[in-house]
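Please open the model in your viewer and keep the sequence panel beside it, since this tour moves from one selection to the next. At each stop the text names what to select and then describes what is there.

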Amino acid sequence: MIEKLSSCTLCPHNCKVNRLEGKRGRCCCNDKLRIALASLHYFEEPCISGKNGSGTVFFSNCNLNCIYCQNHEISQEHKGKDITVEELANIFLEQQEKGANNINLVTPTSYVYHIIEALDIAKKNGLTIPIIYNTNGYENIETIELLKGYIDVYLPDLKYYSNELSKKYSRIDNYFEIATSAIKKMYEQVGTPIFNEDGIIQKGVIIRHLVLPNHILNSKHILKWVKENLPNDIYISVMAQYFPTYKAKQDELINRKLTKKEYKQIEEYLYSLDLENGYIQELGEHEEEYVPAFDI
């Protein structure tokens, strides 16, 4: 399957570069599988982390260039190490042995072929826990279709309603149209979340949205779209953990955390929509502490 990297179309950039020859597209990946961290992670939604933690694998590089990325060391500064498909399969099995509730693939899009091969190996060797696809939402429908039967839980971002914002903050066009189409395909594939007796998600979609300061209207448009275009039992996770980092410190509109007033506006609007399921993160003070140390 990895031979398909000879003309890569895994994500909507459709770069068609020959990654097998070492060329790199927008995501900066070649044919090597590169990860930055594999660990039990306890700061996801309660139904993902639970008490045992989520078996998280952070992949290096990204097909977006978000100026506020909290993981910019690995997404845009390429920190990490190259491993083999077999080593990735072993990491999955090791996480299961440690008691992880699931395998959580963070920013996996550029490595879908590698991941599918690793999952085939791991499942033959006893991997049984749910697989989570934790993505920025900028996905090709064809790639989501490839993942059918491999992914149990989709955890997509829905970042922007406004194309102006997606260009300004992530250097991409048509994010909203592309991400919403992908989310609909994800829902078609795995449906509404199903939980085990301990409240841990086994299958389904949870949409994430990070609220940006000074852009409350963007968030309201996103929430309204979810309400009007997806089943009312859809799960949404509204995140208030934003803090200025990386290049966001140079942008006067997002060079601060959310205010209590902004948070209250979103909270009230969310409840007014009467969405049945999901989470809204509390407004905190030390969000920086939740960013993992990428010390590979």
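A salt bridge here is a side-chain nitrogen of Lys or Arg within 4 Å of a carboxyl oxygen of Asp or Glu. By that criterion, a search of the whole structure, which is a predicted model, finds 14 salt bridges.

**Stop 1: salt bridges**

Begin by selecting K32 and D31, whose side chains meet in a salt bridge with an N to O distance of 3.5 Å. K32 is partly exposed, with a relative accessible area of 40%, and D31 is likewise classed as partly exposed, at 21%.

Next select K159 and D157, which form a salt bridge in which the closest N and O atoms are 3.2 Å apart; in this pair, both K159 and D157 are buried.

Then move to helix α9, residues 260–273, where K264 and E267 lie 3 residues apart, about one turn of the helix. K264 forms a salt bridge with E267, with 3.7 Å between the closest N and O atoms. How exposed or buried are the two partners? K264 counts as partly exposed at 43% relative accessibility, whereas E267, at 18%, is buried, because the cut-off for buried is under 20% relative accessible area.

**Stop 2: E45 and its partners**

Select E45, which is found in the loop between β1 (33–41) and α1 (46–49). Although E45 sits in a loop, E45 is buried, with a relative accessible area of 6%. Which side chains does E45 meet through polar contacts? One polar contact of 2.7 Å joins the side chains of E45 and R208, and another of 2.7 Å joins those of E45 and S237. If you leave out residues up to four places away in sequence, E45 touches L155, R208, S237 and Y279. Adding E44 to the selection shows a wider arrangement, in that E44, E45 and R208 are linked in a network of salt bridges.

**Stop 3: N104**

Now select N104, which lies in strand β4, residues 103–106, and which is buried, with a relative accessible area of 0%. The side chain of N104 makes a polar contact with the side chain of S54 at 3.2 Å and another with the side chain of N134 at 3.3 Å. Apart from neighbours within four places in sequence, the residues in contact with N104 include E44, I48, G55 and I132.

**Stop 4: helix α6**

Select helix α6, residues 163–170, and colour L165, S166, Y169 and S170, which are buried. These residues cover an arc of only 100 degrees around the axis, which puts them on the same side of α6. The buried residues of α6 pack against α7 (175–190) and α8 (216–229), so showing these two helices next to α6 will display the packing partners. At the N-terminal end of α6, S162 acts as a cap, with a side-chain oxygen 3.1 Å from the backbone nitrogen of E164. After α6 comes R171, whose phi is positive, near 60 degrees.

**Stop 5: an aromatic pair**

A pair of aromatic rings is described by the distance of the centres and the angle of the planes. The structure holds 9 aromatic pairs. In one of them, the rings of Y68 and Y169 have their centres 6.3 Å apart and their planes at 75 degrees, so the pair is edge-to-face. Y68 lies in the loop between β2 (54–59) and α2 (72–75) and Y169 in helix α6, so the pair ties together parts that are 101 residues apart in sequence. Both Y68 and Y169 are buried, and with Y242 they form one aromatic cluster.

**Stop 6: the nonpolar cores**

In soluble globular proteins, nonpolar side chains tend to be buried together. Here the largest nonpolar core has 83 residues, and those with the most contacts inside it are Y68, F92 and L158. The largest share of this core, 8 residues, comes from α7. Apart from this core lies another, of 8 residues, among them C47, I48, I206 and Y235. To look at the surroundings of L158, select the residues in contact with it beyond four places in sequence, including Y175, F176, I183, W225 and V226.

**Stop 7: T128**

Finish with T128, in the loop between α4 (112–124) and β5 (131–135). Is T128 buried or exposed? With a relative accessible area of 68%, T128 is exposed. For a last distance, draw a line from T128 to L283: the two are 155 residues apart in sequence and 35 Å apart in space, C-alpha to C-alpha.

How values were computed
Residues are numbered from 1 along each chain as its sequence is written. This is a predicted model: local features need pLDDT of at least 70, side-chain atom pairs count only at pLDDT 80 or more; totals for chains, interfaces and linings use all residues. Side-chain values use heavy atoms; hydrogens and water are left out. Helices (H or I, at least four residues) and strands (E, at least two) are DSSP runs, numbered from the N terminus. Buried means under 20% relative accessible area, exposed over 50%, partly exposed in between (1.4 Å probe, protein chains only). A polar contact is a pair of N or O atoms within 3.5 Å; within protein, one must be able to donate a hydrogen and the other to accept it, and residues adjacent in sequence count only if both atoms are side-chain atoms. Contact means heavy atoms within 4.5 Å. The arc is that of the directions from the helix axis to the C-beta atoms. Rings of Phe, Tyr and Trp (its six-membered ring) pair if their centres lie within 6.5 Å; planes under 30 degrees apart count as stacked, over 60 as edge-to-face and the rest as tilted. A nonpolar core is a set of buried Ala, Val, Leu, Ile, Met, Phe, Trp, Tyr and Cys residues joined through side-chain atoms within 4.5 Å.
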